[in-house]
Amino acid sequence: MFAYYISTPLKKVKNPYIVGMLVIVIGFIFVCALPSGVSNVVLLFGIIYPIMRSVGLSKRSAISAITIGCAICGYIGPANAVSGLVITQLGDATTMGDLFVTALPYIAIYMVVALIVYFFTARFFDKREAANLKDADPEELKEFDMSQVTRPKWYSVFPLLPLIFVLIFSSLIPGTATMSVVGATFMSFVIVFIIELIQMRQAHETFAEAAIFYKGMGSAFGTATIVGVAGTLFSTALTLVGGINLLAVKFTSLPNMSIAVVLVVFTILHAVMFFITGSGLTCIFTLMPIFYSILTAAGREDLLVPACVCILLVSQSIGQACTPVSAATLFISGATNEAPTTVAKRNALPAICGGVVTLIAIMIFLV
């Protein structure tokens with residue numbers, strides 16, 4: 001329902017590449033409200049993809065916009081539990097809400113650059129591949145039927161409640177109490193649960209739907225925890241054999257600016273690992289403990305927050321958009337009968353250009 005109403009204005013836009021740009025923005029909003037890359041890709045593909053095709057956007061440009069939009073922001077969204085795990089790996093240098101507020105200007109920079117580059121690259125690729133582009137099939141233009149939805153229209157606001165609470169109860173608005181992401185999420189859950197109970201008057205069905213929330217949360221935490229334990233074990237073993245001390249001695253002898261260069265190196269390394277493995281969690285929990293040890297040994301705890309922004313925003317966005325082996329890319333390439341490498345090729349320039357400009361801005365203003 002949220003996806004349907006937020007995509008309705010797209011039908012009034014005539015330029016297909018402007019539609020693609022707007023879908024990237026919508027994808028980002030989805031990631032902030034619903035922190036699951038592949039789920040959002042499935043949702044956007046089912047509801048917005050037919051609209052994109054009906055206004056004349058090519059298949060490849062359409063799936064590129066969807067996957068780029070769901071990749072921007074990476075794991076830095078205020079409702080994403082992985083952000084909290086990364087902050088823990090970096091010594092609890094900040095909170096999830098404050099991290100999102102700190103990252104907002106850099107998210108905006110990434111978004112603007114990616115949108116501009118997408119507009120020109122999508123048009124360039126479509127002209128170059130014009131002979132291979134096919135007209136939309138009638139099945140592709142079949143839109144979602146809202147008559148199947150039995151809930152009121154104002155239910156579409158509910159997915160945004162955690163984001164709204166985090167932004168209102170943060171340093172953005174002076175004088176307000178600070179609310180954690182966990183608190184905002186559970187407050188939103190309680191509000192929606194009570195409204196659903198009153199609205200539907202079916203206690204059994206409402207409690208059954210509430211159980212889905214807890215099962216999904218348990219599944220997400222289970223995966224992240226297992227990978228986190230494995231990554232921590234790896235970094236601990238590296239410390240015991242003296243690897244961390246060796247790196248720390250080398251870096252502590254370098255000037256301050258060189259430590260910032262190390263931040264850039266780890267950001268690039270993380271993006272490359274994500275591209276190869278297709279798993280952001282594996283990269284995070286393999287590199288973060290090592291990176292934290294290097295920064296603290298060098299006496300540069302002031303770089304912990306910039307490190308969070310670089311890894312969660314720049315590295316994750318580039319890696320997730322460009323990798324041909326992530327679940328989101330594999331799903332949409334299979335659904336559209338396009339090669340995963342084609343999706344990765346279309347996404348590469350917007351994602352990398354946005355990441356490079358954002359990384360430069362972080363080095364100038366945040367480090």
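The exercises below, each with a worked solution, concern a predicted model of a protein.

**Exercise 1. The protein as a whole**

Task: State how many helices and strands the protein has, what percentage of its residues count as buried, and how much residues 24 or more positions apart add to its contacts.

Solution.
- Step 1. Begin with the secondary structure: there are 16 helices and 0 strands.
- Step 2. Turn to burial. The protein has 367 residues, and 49% of them count as buried.
- Step 3. Consider the contacts with a separation of 6 or more. Residues 24 or more positions apart account for 77% of these contacts.

**Exercise 2. Helix α5 and the residue after it**

Task: Compare the reach of helix α5 with the expected value, then decide whether α5 is enclosed or not enclosed by the rest of the structure.

Solution.
- Step 1. Helix α5 covers residues 59-71, which is 13 residues.
- Step 2. From its first C-alpha to its last, α5 reaches 18 Å, close to the 18 Å expected at 1.5 Å a residue.
- Step 3. A residue is buried when its relative accessible area is under 20%. In α5 this holds for residues including Arg 60, Ser 64, Ile 68 and Ala 71.
- Step 4. Because 12 of the 13 residues of α5 are buried, the helix is largely enclosed by the rest of the structure.
- Step 5. Just after α5 comes Cys 73, with a positive phi of about 95°. For comparison, most residues other than glycine have a negative phi.

**Exercise 3. How α7 meets α14**

Task: Describe the packing of α7 against α14 by angle, handedness and residue class.

Solution.
- Step 1. Two packed helices are described by the angle between their axes and the distance between the axes.
- Step 2. The axes of α7 (residues 96-128) and α14 (residues 304-322) come within 10 Å and cross at roughly 40°. The two helices are therefore oblique to each other.
- Step 3. The crossing of α7 with α14 is right-handed.
- Step 4. On the α7 side, the residues in contact include Leu 99, Ala 103 and Tyr 110, and on the α14 side they include Val 305, Leu 312 and Ile 318. By class, this contact has 11 nonpolar, 2 polar and no charged residues.
- Step 5. Take Ile 107 of α7 as one example. Its relative accessibility is 3%, so Ile 107 counts as buried. Beyond its neighbours within four places in sequence, Ile 107 is in contact with Phe 28, Cys 73, Ile 76, Phe 100 and Leu 313. The C-alpha atoms of Ile 107 and Val 309 are separated by 9.4 Å, although the two residues are 202 residues apart along the chain.

**Exercise 4. How α14 meets α16**

Task: Decide whether α14 and α16 are roughly parallel or roughly antiparallel, and give the classes of the residues in their contact.

Solution.
- Step 1. The axes of α14 and α16 are 7 Å apart, at an angle of about 165°.
- Step 2. Angles over 145 degrees count as roughly antiparallel, and α14 and α16 are therefore roughly antiparallel to each other.
- Step 3. The handedness of the α14 and α16 crossing is left-handed.
- Step 4. Among the residues making the contact are Pro 306, Cys 310 and Ala 321 of α14, together with Ala 344, Gly 355 and Met 363 of α16. The classes are 15 nonpolar, 4 polar and no charged residues.

**Exercise 5. Two loop residues**

Task: For Leu 90 and Asn 337, state the loop each lies in and whether each is buried or exposed.

Solution.
- Step 1. Leu 90 is in the loop between α6 (81-89) and α7. Its relative accessible area is 0%, so Leu 90 is buried.
- Step 2. Not counting residues up to four places away in sequence, Leu 90 touches Met 288, Tyr 292, Leu 304, Ala 307 and Cys 308. Between the C-alpha atoms of Leu 90 and Val 305 there are 8.5 Å, with 215 residues separating them along the chain.
- Step 3. Asn 337 belongs to the loop between α15 (327-336) and α16. With a relative accessible area of 72%, Asn 337 is exposed.
- Step 4. Asn 337 also has a positive phi of about 60°, although it is not a glycine.

Definitions and conventions:
Residues numbered from 1 in each chain as written. Predicted model: local features only at pLDDT ≥ 70, side-chain atom pairs only at ≥ 80, totals over all residues. Heavy atoms only, no water. Axes fitted to C-alpha atoms, helices over the stretch in contact; angles between N-to-C directions. Helix = DSSP H or I, 4+ residues; strand = E, 2+ residues; numbered from the N terminus. Parallel < 35°, antiparallel > 145°, perpendicular 65-115°, else oblique. Left-handed = near helix turned anticlockwise from the far one by under 90°. Contact = heavy atoms within 4.5 Å. Nonpolar A, V, L, I, M, F, W, Y, C, P; charged D, E, K, R; others polar. Expected span 1.5 Å × (residues − 1). Buried < 20%, exposed > 50% of the residue type's maximum accessible area, 1.4 Å probe, protein only.
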